[in-house]
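Visitor: I keep hearing words like "buried" and "edge strand" thrown around. Could you show me a protein and explain how those labels are earned?

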Amino acid sequence: NYPYATLSLGEMEVLEPSLRFRRLPTEDIEGLYAPADKWVEPMRLLRFLAGHARNHNAILREYCPVESFYVDTLGSVSMVRAGGAEYATRNVILAGGAQTPSLIQLLRNGEELAKAVPLKQVPGILVDTAPKSAEGAIRRVLYPADTGGLHLRPTVTGGLLIGADDTDTLCQNQNLDPQSLNEIGKALLVRVTDWLPQLSLKEITQGMSAYICNRPVPQDGYPIVGALPGIKGVFVAVTHSGMTLAPLLANLLSEEIMLKQAPPQLQPYRPDRFL
């Protein structure tokens, strides 16, 4: 029941007037539009959520790495040591993305428990163009008919955030130095200007940054959410779609912790499915 619509060439040109659609002589061009599929600006969302938490008397400790956990004789977590200080607690939620298995290793029998959270780190190359370098060029997340899986979206500063499936494969197979990353970034921008010809390649190349991000992807591709088997009071939440699913997962985990019962929505995604 995911909402989508197929669009004609004319309808696509109304939605994205700057994008150059190729009219092929032998077939009609058709597009797929998913109106519910949005994008999130991570830092803006994090600042909002942090402020919201503080307004509700939460205490946030940033840049405060976890050093150890204390588990009592009954097998329940009772203390976390982080940043040189100790915090008494009855519940811990490990939501460290790709670092989640490393946090689990700090627990008693951590090596065995980490098997409940098998993750792949899937690297990908992203290119961020300078602020105002492509202001108003596009309005949505776009997947053009590019054989290499090019995708792009606007940024809040008026630039573009760009990636592609084929360039992601490059960084999975080899170690890239900054110069190689920069060359890949420029090649991606050339592909973008093929679809957005009004952009100046010289202008969007100036001030661009190309970098590698490591995405945490559960072994079977589905989220891992809920109580960690073996130690009472320890919960995990890790998924490839962490930024967009975070509000939902937070509500569901809160329900599980408070009511001591897993919500039905989480049943297919429990950590113990891997054990």
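**Asp146 and the labels around it**

Guide: Let's start with Asp146, which touches Arg191 and Trp195 once residues up to four places away in sequence are set aside. Keep in mind that this is a predicted model.

Visitor: What makes those two count as contacts of Asp146?

Guide: A contact requires heavy atoms within 4.5 Å, so Arg191 and Trp195 each meet that limit with Asp146.

Visitor: And is Asp146 buried or exposed?

Guide: The relative accessible area of Asp146 is 18%. Buried means under 20%, so Asp146 gets the label "buried". As for its place in the chain, Asp146 sits in the loop between β7 (119–128) and β8 (150–154).

Visitor: Which other residue of that loop can we look at?

Guide: Try Lys132, found in the loop between β7 and β8. Lys132 has a relative accessible area of 62%. The cut-off for exposed is over 50%, so Lys132 is called exposed.

Visitor: What is unusual about the phi of Lys132?

Guide: Its sign! Most residues other than glycine have a negative phi. Lys132 is not a glycine, yet its phi is positive, at about 65 degrees.

Visitor: Where does Lys260 lie, and what is its phi?

Guide: Lys260 belongs to the segment after α8 (242–259). Its phi is near 55 degrees, again a positive value in a residue other than glycine. With a relative accessible area of 74%, Lys260 passes the 50% mark and therefore counts as exposed.

Visitor: Why is Thr6 called partly exposed?

Guide: Thr6 comes out at 47% relative accessibility. Buried would need under 20% and exposed over 50%, so Thr6 lands in between and is partly exposed. You'll find Thr6 in strand β1 (residues 5–8).

Visitor: Which residues does Thr6 contact?

Guide: Leaving out neighbours within four places in sequence, Thr6 is in contact with Glu11, Glu30, Gly31 and Leu32. For a sense of spacing, take Pro17, 11 residues along the chain from Thr6: their C-alpha atoms are separated by 17 Å.

**Strands and sheets**

Visitor: What makes β3 and β5 edge strands?

Guide: Look at the order of their open sheet of 3 strands: β3-β4-β5, with antiparallel pairing. β3 (66–71) and β5 (85–88) each pair on one side only, and that earns them the name "edge strands". On average, neighbouring strands of this sheet are turned by 20 degrees against each other, direction ignored.

Visitor: How do you know that β4 and β5 are paired?

Guide: Count the bridges. Strand β4 (residues 77–82) shares 4 bridges with β5, in the antiparallel sense. Pairing takes at least two bridges, so β4 and β5 qualify. One place to look is Ala82, whose bridge partner in β5 is Ala85.

Visitor: Why is the pairing in the sheet β6-β12-β11 called mixed?

Guide: That open sheet has 3 strands in the order β6-β12-β11. β6 and β12 run parallel, joined by 3 bridges, while β11 (residues 224–227) and β12 (residues 234–238) run antiparallel, joined by 4 bridges. Put one parallel pair with one antiparallel pair and you have mixed pairing.

Visitor: Which residues stand opposite each other there?

Guide: Ile93 stands opposite Phe235 in β12, and Ile224 stands opposite Val238 in β12. The edge strands of this sheet are β6 (92–94) and β11, each pairing on one side only.

Visitor: What happens between β11 and β12?

Guide: They form a hairpin with 6 residues between the strands, and Gly230 takes a positive phi there, near 110 degrees.

**The whole chain**

Visitor: How many helices and strands are there, and how much of the chain is buried?

Guide: The protein chain has 8 helices and 12 strands. Of its 275 residues, 37% are buried. Its C-alpha trace spans about 75 × 45 × 40 Å along the principal axes.

Visitor: What share of the contacts joins residues at least 24 apart?

Guide: Among contacts between residues at least 6 apart in sequence, 62% are of that kind.

Visitor: How many charged side chains does the chain have?

Guide: There are 25 positive and 28 negative ones, and the centres of the two sets lie 6 Å apart.

Terms used. Residues are numbered from 1 along each chain as its sequence is written. This is a predicted model: local features need pLDDT of at least 70, side-chain atom pairs count only at pLDDT 80 or more; totals for chains, interfaces and linings use all residues. Side-chain values use heavy atoms; hydrogens and water are left out. Buried means under 20% relative accessible area, exposed over 50%, partly exposed in between (1.4 Å probe, protein chains only). Lys and Arg count as positive and Asp and Glu as negative; His and the chain ends are not counted. The place of a charge is taken as NZ of Lys, CZ of Arg, CG of Asp or CD of Glu. Axes are lines fitted to C-alpha atoms, for helices over the stretch in contact, and angles run from 0 to 180 degrees between N-to-C directions.
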